[in-house]
Amino acid sequence: MVRFANPAQFQRLSDMLLPWFAWATVILVPVGLYYALVNSPADYQQGETVRIMYLHVPAAWMALFTYTMMAVASAVSLIWKHPLADVAARAAAPLGAAFTALALITGMLWGEPMWGTWWVWDARLTSVLILFFLYLGYIALWDAIDNPATASRAAAILALVGFVNVPIIKFSVDWWNTLHQPASVLKMGGPAIHPDMLVPLFLMFALFKCYFVTVLLWRMKAELNRAKIRGLEAAVQAAAERREQAA
Amino acid sequence: MAEFFHMGGYALYVWASYGAALLILGLGAFLNWRILKRSSARLEHLRAAAPHRRRRDGHGAE
């Protein structure tokens with residue numbers, strides 16, 4: 001664990017993984033879209049709007065997955081004070097916000113024709129909206145505090161406290177009487193969805209996952225670059241000041 | 001083909017969803033990729049300007 005948490009080791013590992021995930025993303029875009037839009041049947045009740053589900057469900061899963069990853073990284077940052085954990089959590093937050101926004105937008109675009117309303121304040125929709133604000137709050141907190149150690153602690157605590165919302169989202173459809181339907185893929189007794197619709201769903205999920213890993217690694221590498229640039233610029237400036245004093 | 005774009009009368013909702021996904025995820029990928037390329041170029045430039053300070057590991061100059 002400590003071995004991979006070393007920034008130099010991370011650079012090597014990410015350079016090795018990045019091409020695989022980036023190319024998998026590029027290949028999965030046409031394949032996933034072909035199955036989602038062309039090679040899958042319309043639903044007998046939802047008609048063609050079922051195709052919105054191939055974006056909505058993977059986006060919602062990734063919204064929860066990203067927050068879970070952010071909370072784990074925040075715990076590692078609080079307990080072991082490892083800088084890479086902060087880099088990972090901070091790099092993940094905008095991706096999580098993007099997935100949550102996409103889940104909300106596609107949900108509304110499906111809700112209007114199918115439910116007859118863009119939005120209801122039921123437990124599932126409300127708790128996902130709160131997730132979106134948790135992501136925004138986490139991002140804003142990092143930017144609001146100048147001292148990096150204080151910002152790291154405050155942001156990590158916010159991420160961990162906010163994690164209570166993740167099981168609430170997952171089980172909201174069972175605990176409360178929601179307009180949103182309960183789980184139909186990850187449920188006891190296996191998925192209640194025809195394989196013709198599970199194939200595009202899992203292809204789009206794989207696409208979102210590969211996209212997430214690719215952009216997350218890009219963001220982490222960029223953050224490590226920034227830290228090195230700051231160090232080098234400080235060194236160059238110190239050298240210039242020494243020359244000035246000597247002259 | 002026209003039938004495909006028509007989406008059984010739900011064209012607006014289906015294509016708006018896929019458009020939103022393309023916009024959000026596409027823009028996210030493009031902007032983050034550009035930030036990484038620019039920071040890598042800047043780092044190379046700085047290292048070339050101060051070769052004697054070049055460090056082999058990732059955390060020397062912080």
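Which helices of chain A are included in what covers the buried residues of H5(A)? In the predicted model examined here, this question is taken up after an outline of the chain that holds the helix.

The secondary structure of chain A consists of seven helices and zero strands, and its order along the sequence is α-α-α-α-α-α-α. Taken along the principal axes, the box filled by the C-alpha atoms of chain A is roughly 85 × 35 × 30 Å. Chain A has 247 residues, of which 37% are buried. Where contacts in chain A link residues at least 6 apart in sequence, 75% of them join residues at least 24 apart.

Helix H5 of chain A runs over residues 148–162 and has 15 residues. From the first C-alpha to the last, H5(A) reaches 21 Å, close to the 21 Å expected at 1.5 Å a residue. The buried residues of H5(A) include A:Ser152, A:Ala155, A:Ala156, A:Ala159 and A:Gly162. These residues lie on the same side of H5(A) because the arc they cover around the axis is only 135 degrees. An α-helix has 3.6 residues a turn, so residues three or four places apart point the same way. The exposed residues A:Ala149, A:Thr150 and A:Val161 are carried by the face of H5(A) that is turned away from the buried side.

The cover over the buried residues of H5(A) includes four elements of chain A: helix H2 (50–80), helix H3 (83–115), helix H4 (123–144) and helix H6 (165–175). The opening question is thus answered by H2, H3, H4 and H6 of chain A.

Chain B has two helices and zero strands in its secondary structure. Of its 62 residues, 15% count as buried. In the contact between the chains, 36 residues come from chain A and 32 residues from chain B. On the side of chain A that touches chain B, at least two residues each are supplied by helix H1 (7–37), H2, H3 and helix H7 (195–246) of chain A. H7(A) gives the most to this side, with 17 residues. By class, the side of chain A that touches chain B comprises 22 nonpolar, six polar and eight charged residues.

H2 and H3 of chain A therefore appear in two settings: each is part of what covers the buried residues of H5(A), and each supplies at least two residues of the side of chain A that touches chain B.

Technical notes
Residues are numbered from 1 along each chain as its sequence is written. Chains are lettered from A and ligands numbered from 1 in the order in which they are written. This is a predicted model: local features need pLDDT of at least 70, side-chain atom pairs count only at pLDDT 80 or more; totals for chains, interfaces and linings use all residues. The expected span of a helix is 1.5 Å times one less than its number of residues. A residue is buried if 20 or more other C-beta atoms lie within 10 Å of its own, exposed if 12 or fewer, and partly exposed in between; C-beta atoms are placed from the backbone. The arc is that of the directions from the helix axis to the C-beta atoms. Two residues are in contact if their C-beta atoms, placed from the backbone, lie within 7 Å. Ala, Val, Leu, Ile, Met, Phe, Trp, Tyr, Cys and Pro count as nonpolar, Asp, Glu, Lys and Arg as charged, and the others, Gly among them, as polar.
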